Amino acid sequence: MSGCRISKKYVDEALSIILQGKGAGKVPSDKALNLLRYASEGKLSSTSGFRSLIEVLECMDPEKAKDMMSRCNLRREA
Amino acid sequence: MKFGVEFVPREPFWRTVLYTIEAEKLGFDYVWVTDHYNNRNVFTTLTVAAIHTRSIKLGIGVTNPYIRHPAATASATASLAEIAPDRVVLGIGAGDRATLEGIGIGIVKPLSAIRESVYIIRGLLAGNPVSIDGGVFKVKSASLNFKCRSYIPIYIGAQGPQMLSLAGEIGDGVLINASHPEDFRYAVEYVRKGVEKSSRDIKSIDIAAYTAFSVAEDETKAIAASKQVVAFIVAGSPEAVLERHGINFESASRIRELIVSGRFDEAFKSVTMDMIDAFSVSGSPSSVAKRVEECLKAGVTQFVVGSPIGPQPYEAMKIIGSKIIPMFKTG
């Protein structure tokens, strides 16, 4: 699974919500910094990069995060 | 033509930085982060942006010499340049009167303050001991305890004739808060006068249009998104500026009254298409591209897209990156 790439469509959709949606203030800085690291390395389409997006999205909008995870066939990490 | 994007760090730092990362990927050359005491700190925000980007220029856009002494600005700017060498640009202007007065700071002798600040900052960044017995600042043999190894261009935020001329005389660039080509033609003439005093070439000055910008595939939505920003610009515009654009004084004054009395929705609804045209660059990708072209012809060398950017800022940035920037980067 770690070598899989997430479709650009999903990455873009998640980014769009994260950048324009409400609830940015609820995101803890460790999760935010993790996301920035993947974004700056251009690795948001990797499974771990996309998980960093989902982790931020979960803080802002848990329902949307759940929906995206199921659409991308991603499971929550234990 | 260079392209910049302005962010107001009202939101958590990470979101402004994430926008900056995306701006770099989309082909923007500059990010400008505003400096107001009531928002996130510009230097902190740009430090995180510096760590997470590689090529985009990082602009302090703009600070002022009243809230932060120019020596402190020099130190902060040089520290940022240590993290991002050759990528830092400093914007400095007289400041926002309403915001500064709210914390008891008056804007005193703005022309002298900017001239002296640029002298102090340039000297400190160059590693020279600086002394000045100025009309605003008194500095005796000040110097930084570390070396700034990059050249940091200084841009002056200017609107009035004298400040525009000063920017032409001593600035590496000028940041002009306007959106209409007519305003830039007017401004460039004054910048040119300053340039002549310093025996430089106007081509050595980066003339940056700091615009109120809104783009969307749906022109109606783009225009609707800029009404709020335009209402505030109209309310704060002097009569000479309103007159230049043929804006009815009574309508402008009505909007001002509505804003002062907190009736914002009514104020935004009172914004007319003439006002939108005069004080913003709003519309579909093709209509805003046409306006960018007109600004270029008026002498603008950097086009900065400012608030609101679009009804959905990230979508708008993608439009700018895919449709507007490429038109001005080729041929």
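Here is a short walk through chain B of this predicted model, starting where it meets chain A and moving on to some backbone oddities.

**Stop one: the contact with chain A.** Show both chains and pick out the residues that touch across them: 14 come from chain B and 12 from chain A. On the chain B side, colour helices α1 (13–26) and α14 (313–329), since each supplies at least two residues. Zoom in on α1(B), which gives the largest share of that side with 6 residues. Now colour this side of chain B by residue type, and you'll get 8 nonpolar, 3 polar and 3 charged residues.

**Stop two: the cis peptide bonds.** Most peptide bonds are trans. Select Gly61(B) and Val62(B): the bond joining them is cis, with omega at about -5°. Val62(B) sits in strand β3 of chain B, residues 57–63. Next, jump to Ser307(B) and Pro308(B), where the peptide bond is also cis and omega is near 10°. Pro308(B) belongs to strand β11, which covers residues 302–309 of chain B.

**Stop three: positive phi.** Most residues other than glycine have a negative phi. Click on Lys109(B), though, and phi is near 40°. You'll find Lys109(B) in the loop between α4 (97–102) and α5 (110–125) of chain B. Lys109(B) counts as partly exposed because 14 other C-beta atoms lie within 10 Å.

Last pick: Ser199(B), another non-glycine with a positive phi, about 55°. Look for Ser199(B) in the loop that runs between α7 (181–197) and β9 (206–215) of chain B. Is Ser199(B) buried or exposed? It's exposed, because 7 other C-beta atoms lie within 10 Å and the cut-off for exposed is 12 or fewer.

Conventions:
Residues numbered from 1 in each chain as written. Chains lettered and ligands numbered in written order. Predicted model: local features only at pLDDT ≥ 70, side-chain atom pairs only at ≥ 80, totals over all residues. Contact = placed C-beta atoms within 7 Å. Helix = DSSP H or I, 4+ residues; strand = E, 2+ residues; numbered from the N terminus. Nonpolar A, V, L, I, M, F, W, Y, C, P; charged D, E, K, R; others polar. Buried ≥ 20, exposed ≤ 12 C-beta atoms within 10 Å, placed from the backbone.
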